[in-house]
Amino acid sequence: MSHALIVEDDVDAAQMMAALIATEDFTVATAGTLRDARRQIALQQPDLVLLDLQLPDGSGMELFEDPELIAHSEVVLITGHASLETSIQALRLGAADYLIKPVNIKQLQGILSRVMKPSTLKAELVHLNAEWQKTGHFGHLWGRSPPMQRIYEQISRVAGTAVSVFVTGESGTGKEVVARTVHDLSRRRKQPFLAVNCGAISPNLIESEVFGHEKGSFTGADRQHQGFFERAHGGTLFLDEITEMPLDLQVKLLRVLETGLFMRVGSTHTQEADVRIIAATNRPPDNAVADGRLREDLLYRLNVFPIHLPPLRERTEDIALLAEHFLAGVCQKEGQSKRFSPAALARLASYRWPGNVRELRNVVQRSFVMAAESVITDEWLPSDAPGTAAAALSAASASTAATAAPTAAAVDSGRSITIRLGSSMADAERQLILATLAHYSNHKERTAAVLGVSLKTLYNRLKEYSSDKVGSESSGVE
């Protein structure tokens, strides 16, 4: 039976928590001071410590000064309110979670259901670190390059905590894969992981999808609907393309993060959100704030623990490993055995991969299908021409007006676009997308495949360009 220690000077609150914890197959001890806490830990090492930071004889933080004292205990802070400072403090101290006063029964039950000994988590991380050094595999991620080693280190540090994570990186770098790995290494692993693309939901429906709605709350609401927060209860909610979320909904999301409470559309009753938030964007966050796409206060609340994924062109030593991994998956699924020739691997390593890992996966699948023999040559692999354009794009050396179409010569050639120094990444991306779309006669599926992005991402970009153009015309800008 697991043992819990409650370090709380409010006798009534401590007794209430002790009574509840005792019903969850725990033995319980209480302490009202730091001195009592040290004595109780010496008598019996607790699996769980519920620690109030404000005690009569000092701060609860003093228990962290002796690493051996609580090295084998999961620590949950007791705090007056959920704030950015609380999250940062919990992360810095190595606490697994925090409770908000007055302690809510459901919140406490959720924490009790997720108790794991720190030694168990440490053993898992030791195994994963040995695994990636041997095979290049860490959770759902693959790679041995120094940038990926840093990612693994960050995931190892944050997975066992309850703090929010903000993942950034270009489209196709694997932000959702990082989120899944964090979830699978967390104490919430037995509960749902729900991935939501904020840019793929109609602005008229997204609030209902996120928070749910009551029957009759609007036209067409013929039944009660559970939102993402309810469906992900106890687990992790991954909000991809967070900058595509409407600003008025960002305000409500911020409130949930600050209070842990939300309401369904059409309801007057609040509900508790026991969900860990991991958000992601392929835009530079500061630029998104400057452009009015992301609230600054929401960015600060989400960005407790930032993880930036490098583009594939910055970890070329991982390309062969990733290609072999994707190929093995296709071979297993199709029941055939194929391999890359040395020339094919060399071609893959020399390409710039504007669509990053997603594009590499698509190329491997396509080359498997097109290769008639068991050896995949470089015949069906990307040529240097697209790589040149992507390299220019990555260097932010594009030129065209923000709303101007690509030149006819660039489109007609079908192989390259003329780029001038001094333009922004957004303008460079716009020119590349519009030129490719025009070259393929507005065939969006083919354009998305060539660019190595999802069809959804392409539609989002085209919608942005259209709205920007309408805005410029209405304001008299040419």
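In this predicted model, a good place to start is the meeting of two helices, where Leu432, Ile433, Thr436 and Leu437 of H18 touch Lys444, Thr447, Val450 and Leu451 of H19. Sort those contact residues by class and you get 5 nonpolar, 2 polar and 1 charged. H18 covers residues 425–439 and H19 covers 444–451. Their axes lie 9 Å apart, and the packing angle is about 130°. Angles over 145 degrees would count as roughly antiparallel, so at about 130° H18 is oblique to H19. As for handedness, H18 passes H19 in a right-handed crossing.

If those two numbers seem an odd choice, here is the background: packed helices are described by the angle between their axes and by the distance between those axes. Keep that pair of values in mind for the next stop.

That stop is H13 (residues 319–334) with H15 (residues 356–370), whose axes come within 9 Å and cross at roughly 45°. H13 and H15 are therefore oblique to each other, and H13 passes H15 in a right-handed crossing. From H13, the contact takes in Ile319, Leu322, Ala323, Phe326, Leu327, Val330, Cys331 and Glu334. Facing them from H15 are Val357, Leu360, Arg361, Val364, Gln365 and Phe368. The class count for this contact is 11 nonpolar, 1 polar and 2 charged residues.

While you're looking at H15, find Asn356, which sits in that helix. Asn356 has a positive phi of about 60°, although it isn't a glycine. Why is that worth a glance? Because most residues other than glycine have a negative phi.

Now swing over to the N-terminal end of the numbering and the sheet there. Which order do its strands take? The sheet is open, with 5 strands running E2-E1-E3-E6-E7 and parallel pairing throughout that order. At the edges are E2 (26–31) and E7 (97–100), each of which pairs on one side only. On average, neighbouring strands are turned by 20° against each other, direction ignored. Strands in a sheet pair through backbone hydrogen bonds, in either a parallel or an antiparallel way. For a close-up, take E1 (residues 2–7) and E3 (residues 48–52), which run parallel and are joined by 4 bridges. Ile6 has Leu50 as its bridge partner in E3.

A helix lies against this sheet too. H4 (residues 105–113) packs on it, touching E2, E3, E6 (74–79) and E7. The direction of H4 makes about 160° with that of E7. Between E7 and H4 there is a loop, and Pro102 lies in it. The peptide bond from Lys101 to Pro102 is cis, with omega near -10°. That's another one to check by eye, since most peptide bonds are trans.

H4 has a helix partner as well. H1 (residues 11–22) packs with H4 at an angle of about 50°, and the axes are 11 Å apart. That makes H1 oblique to H4, and H1 passes H4 in a right-handed crossing. Met17, Leu20 and Ile21 of H1 meet Ile105, Leu108, Gln109 and Leu112 of H4. By class, this contact has 6 nonpolar residues, 1 polar residue and no charged ones.

Next, the aromatics: the structure holds 7 aromatic pairs. Take Trp132 and Tyr152, whose ring centres are 5.8 Å apart with the planes at 50°, so this pair is tilted. Trp132 belongs to H5 (residues 118–135) and Tyr152 to H6 (residues 146–158). With 20 residues separating the two, the pair links distant parts of the chain.

Last on the tour is another sheet. What is the strand order in this open sheet? Its 5 strands go E11-E12-E15-E10-E16, and the pairing is parallel. E11 (193–197) and E16 (305–308) stand at the edges with a single partner strand each, so one side of each is left without a neighbour in the sheet. The twist from one strand to the next averages 20°. Further in, E12 (residues 236–240) and E15 (residues 276–281) pair in the parallel sense over 4 bridges. To find the register, look for Leu237, which stands opposite Ile277 in E15.

Methods
Residues are numbered from 1 along each chain as its sequence is written. This is a predicted model: local features need pLDDT of at least 70, side-chain atom pairs count only at pLDDT 80 or more; totals for chains, interfaces and linings use all residues. Side-chain values use heavy atoms; hydrogens and water are left out. Two strands pair if DSSP finds at least two bridges between them. Axes are lines fitted to C-alpha atoms, for helices over the stretch in contact, and angles run from 0 to 180 degrees between N-to-C directions. Contact means heavy atoms within 4.5 Å. Angles under 35 degrees count as roughly parallel, over 145 as roughly antiparallel, 65 to 115 as roughly perpendicular and the rest as oblique. A crossing is left-handed if the near helix is turned anticlockwise from the far one by less than a right angle, and right-handed if clockwise. Ala, Val, Leu, Ile, Met, Phe, Trp, Tyr, Cys and Pro count as nonpolar, Asp, Glu, Lys and Arg as charged, and the others, Gly among them, as polar. Rings of Phe, Tyr and Trp (its six-membered ring) pair if their centres lie within 6.5 Å; planes under 30 degrees apart count as stacked, over 60 as edge-to-face and the rest as tilted.
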